[in-house]
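Me: Got a model open here and I'd like to talk through how its inside is packed. Mind if I fire some questions at you?

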Amino acid sequence: MHTENIIQAGNTSNPKKALIMIHGRGGSARDIMSLAQYLPVSDYLLLGPEATNNTWYPNSFIAPVASNQPYLDSAIDLVGKAVEQAESLGITKENIYFLGFSQGACLTLEYVARNANKYGGAAAFTGGLIGDQVYTENYKGQFDGTPIFIGTSDPDFHVPVERVQESTNVLKGMGAEVVEKIYPNMGHTISQDEINEVNHLIFK
């Protein structure tokens with residue numbers, strides 16, 4: 001289970017927008033939040049939930065869901081707490097943005113699919129919806145045109161391209177405007193092209 005630990009940075013005095021940044025396995029909130037220097041988000045409140053022991057859930061994101069419990073539900077709850085922090089400052093959902101890498105990208109997509117709304121946007125760098133299969137019964141709401149970017153390498157050791165494509169289709173079916181980019185042999189990283197894409201599509 002995850003301790004409620006959400007780091008704040010950026011515009012903490014009078015923000016109108018918030019970006020929730022979700023780190024990968026073995027990473028930290030401060031790691032992923034350092035990416036903000038490459039994004040036009042200087043006026044955003046930055047919120048970095050941090051996983052206990054730096055891991056959101058113990059097994060692969062395509063393992064049976066039960067094998068990642070109760071950590072997965074606790075992780076989703078912590079992202080929800082970050083949303084509540086933003087809303088408590090008067091920031092509306094359409095001005096709340098999400099960004100995650102690897103395990104954090106999977107958690108980003110899982111959270112927004114379970115709580116679909118018109119958000120500012122979401123960026124998932126190498127991730128997909130969570131489970132041994134995609135459990136569409138867990139997903140509710142409508143995105144009403146929310147822009148979502150999903151980028152991944154082909155191949156990627158952790159994230160099958162097929163799951164990325166399936167996730168894109170589910171999110172599109174819920175009304176998201178999804179841009180999916182598959183990069184040949186990119187490796188398990190975040191590329192400059194992905195940064196350029198999200199700056200153009202989401203943080204414009």
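Me: Which residues have the most contacts inside the largest nonpolar core?
Reply: Phe-98, Phe-143, Ile-148 and Leu-171, in a core of 46 residues. A nonpolar core here is a set of buried Ala, Val, Leu, Ile, Met, Phe, Trp, Tyr and Cys residues joined through side-chain atoms within 4.5 Å. Buried means under 20% relative accessible area, exposed over 50%, partly exposed in between, with a 1.4 Å probe and protein chains only.

Me: Any ground rules first?
Reply: This is a predicted model, where local features need pLDDT of at least 70, side-chain atom pairs count only at pLDDT 80 or more, and totals for chains, interfaces and linings use all residues. Residues are numbered from 1 along each chain as its sequence is written, and side-chain values use heavy atoms, with hydrogens and water left out.

Me: OK, what is Leu-171 in contact with, leaving aside neighbours within four places in sequence?
Reply: Leu-109, Ala-113, Phe-143, Ile-148, Ile-150, Ala-176 and Val-178. Contact means heavy atoms within 4.5 Å.

Me: How many residues are in the second, separate core?
Reply: That one has 24, including Ala-29, Met-33, Tyr-44 and Tyr-183.

Me: Switching to rings: how many aromatic pairs does a search of the whole structure find?
Reply: Six. Rings of Phe, Tyr and Trp (its six-membered ring) pair if their centres lie within 6.5 Å; planes under 30 degrees apart count as stacked, over 60 as edge-to-face and the rest as tilted.

Me: Why is the pair of Tyr-44 and Phe-203 edge-to-face?
Reply: Because the planes are at 70°, with the ring centres 6.2 Å apart. The two residues are 159 residues apart in the chain.

Me: Is Tyr-44 buried or exposed?
Reply: Buried, with a relative accessible area of 3%. Phe-203 is buried too, at 3% relative accessibility. Ring pairs also link Tyr-44, Tyr-97 and Phe-203 into a cluster.

Me: Tyr-97 is in strand 4, right? Which residues are on each side there?
Reply: Ile-96, Phe-98 and Gly-100 are on one side, with Tyr-97, Leu-99 and Phe-101 on the other, and all are buried. Strands (E, at least two residues) and helices (H or I, at least four) are DSSP runs, numbered from the N terminus.

Me: And which sense does strand 4 pair in with strand 2?
Reply: Parallel, over five bridges, and Ile-22 stands opposite Gly-100. Strand 4 and strand 5 also pair in the parallel sense over five bridges. Two strands pair if DSSP finds at least two bridges between them.
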